[in-house]
Amino acid sequence: MDKRIKDIMIKPVLVGNNATFMEVLQRMIKYKTNSLLVVNKKGVLVGRIQSLNLLWKIKPGYLDADFAALTSHFIDEEAFREACIKAKDTPIDELMEKNPKVLRPDSSLMEAAMIAIEDMHARIPVVDEHNVPVGIVTRTELKKVMGLYLGIDEKDLDDVLSPSFAIGAVEPLRTFLLPLAGNEIDRRIVKFTGCLAAALSGYVKDVTLLHVTGEGFFKKAASRRVKGEVIESNIFKNMRVRQINEVVKPMLDKTESELRAYGLECSVRQKIVDGDYSNQILQVAEEGCYSSIIMGRRGLSLVGEIFKGSVSSEVLHKPFSGSVYIVGERFTEEGKCPISKILIPVDGSSYSLSAVREAAVLASHYAKGMVSVTLMNVIDISKHSKKTSELENTSEQILEEARRILVDAGVEEGAISTRSHHGVPADSILAVSHEIDANLIMVGRRGRSLIEELFMGSVSNAVLHRCGGSTIAIISSRS
């Protein structure tokens with residue numbers, strides 16, 4: 001089977017080099033495509049234009065590239081409409097990409113693959129000996145050829161793909177991501193994970209050890225500026241390799257051995273990336289669909305975290321569909337179970353009930369009498385100055401719903417207790433946590449930003465920073 005580009009190319013959609021923004025957009029909408037090939041009056045290829053080029057044209061010039069995502073939030077729909085109207089008569093010459101890389105009909109498939117990688121474009125023009133477009137190759141065609149070589153039949157895919165890959169199908173506590181820095185905090189993270197995963201033996205599928213080398217560290221070290229140009233330095237490239245081989249990799253290998261010593265049986269992976277700590281942690285977590293991130297903390301106050309920086313705080317205050325465990329110090333006593341006393345504040349919301357469901361998974365896997373769960377509901381005194389019978393009934397209903405989730409999951413009824421309080425939520429939670437000596441507090445995640453929590457207040461944030469040595473689990477709603 002000797003396939004060439006002419007065997008997989010599709011018909012291109014063309015547009016003249018005298019077209020405008022408006023005409024390009026009309027043609028893209030009509031032909032349901034995001035890419036057009038631009039030709040002159042002789043039909044010769046002179047450029048390529050994509051929908052992204054149109055979007056760049058309507059981007060306001062005052063949006064700084066580093067803060068565009070943040071500042072654009074304040075631009076309303078009317079401004080977007082005005083930008084479109086302003087751009088509609090822009091000549092295509094100001095929008096298109098000139099001199100795109102091209103293929104010939106007899107080019108090889110590997111050549112197309114390399115251009116797709118290097119040029120970072122989804123569509124590659126195919127031209128004849130006169131540079132006249134005769135086709136276009138997309139990544140879709142290349143994927144189909146790869147599938148053909150590997151025996152993948154598109155018609156059979158619905159029967160082959162596992163339901164576990166469906167969006168929202170990630171189960172709690174199935175896959176752990178452990179960001180490690182090689183410091184004292186790692187010791188708590190490893191011990192907590194080892195004890196947890198050993199208790200959940202057969203349930204946990206995967207643990208990944210992640211090390212982030214630091215934003216720009218190697219990029220800055222691996223280059224020097226000469227007349228404005230960045231010249232790569234082999235000396236610093238070798239430094240990075242040595243750092244990974246001599247420091248990072250041995251640290252990760254030692255960590256894996258320690259986890260195995262706790263009885264961990266599932267697969268353990270290692271991942272090393274370079275970049276901003278919190279962003280890389282979240283990117284790896286989301287791309288890998290991890291159910292849980294397990295981290296430590298430096299013990300900073302909320303204000304201290306904002307001004308001094310805290311990776312765990314940054315991770316907590318950015319979107320993540322799983323759970324984040326911030327490991328405390330109480331369980332480090334030799335032989336003590338890291339989750340023997342669980343406290344779960346509930347208010348009837350989907351957020352708090354997600355915390356209950358995750359606690360149910362934990363508690364149901366531990367031996368009888370080893371774990372106790374305390375459910376508590378706080379009637380907020382700032383909203384209800386007096387405790388009425390109606391409020392008490394509502395509180396009891398909320399607690400009963402949470403209790404039923406635990407019982408249905410197999411948690412022994414005798415291990416569950418309920419508490420109803422009337423007061424300030426954060427103060428009440430902290431008081432009960434000290435009373436029962438809770439070593440794990442599981443709180444539902446509402447998704448506020450760090451700045452919103454600073455000025456508006458947040459029960460989970462207050463508990464996190466005032467709980468002492470307890471481990472705090474911030475649980476995202478999966479419903």
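Here is a short chat about reading a few features of this predicted model.

Me: Let's start broad. How many helices and strands does the chain have?

Reply: The chain comes to 19 helices and 18 strands. Of its 479 residues, 44% count as buried.

Me: And what share of the contacts joins residues 24 or more positions apart?

Reply: Take the contacts with a separation of 6 or more: residues 24 or more positions apart account for 75% of them.

Me: Now a helix pair. At what angle do α2 and α3 pack?

Reply: Helix α2 covers residues 21-31 and helix α3 covers residues 51-58; they pack at about 140°, and their axes lie 11 Å apart. To put a word on an angle, check the cut-offs: over 145 degrees would be roughly antiparallel, and 65 to 115 roughly perpendicular. The angle here fits neither class, so α2 and α3 are oblique to each other. As for handedness, α2 passes α3 in a left-handed crossing.

Me: Which residues meet there?

Reply: From α2 you have Phe-21, Val-24, Leu-25 and Met-28, and from α3 Ser-51, Leu-54, Lys-57 and Ile-58. Sorted by class, that contact has six nonpolar residues, one polar and one charged.

Me: On to cysteines. How many disulfides turn up in the whole structure?

Reply: A disulfide is a covalent bond between the sulfur atoms of two cysteines. A search of the whole structure finds zero of them.

Me: Is Cys-266 buried or exposed?

Reply: Buried means under 20% relative accessible area. Cys-266 has 11% relative accessibility, so it counts as buried. Cys-289, with a relative accessible area of 45%, is partly exposed.

Definitions and conventions:
Residues are numbered from 1 along each chain as its sequence is written. This is a predicted model: local features need pLDDT of at least 70, side-chain atom pairs count only at pLDDT 80 or more; totals for chains, interfaces and linings use all residues. Side-chain values use heavy atoms; hydrogens and water are left out. Axes are lines fitted to C-alpha atoms, for helices over the stretch in contact, and angles run from 0 to 180 degrees between N-to-C directions. Helices (H or I, at least four residues) and strands (E, at least two) are DSSP runs, numbered from the N terminus. Angles under 35 degrees count as roughly parallel, over 145 as roughly antiparallel, 65 to 115 as roughly perpendicular and the rest as oblique. A crossing is left-handed if the near helix is turned anticlockwise from the far one by less than a right angle, and right-handed if clockwise. Contact means heavy atoms within 4.5 Å. Ala, Val, Leu, Ile, Met, Phe, Trp, Tyr, Cys and Pro count as nonpolar, Asp, Glu, Lys and Arg as charged, and the others, Gly among them, as polar. A disulfide is a pair of cysteine sulfur atoms within 2.5 Å. Buried means under 20% relative accessible area, exposed over 50%, partly exposed in between (1.4 Å probe, protein chains only).
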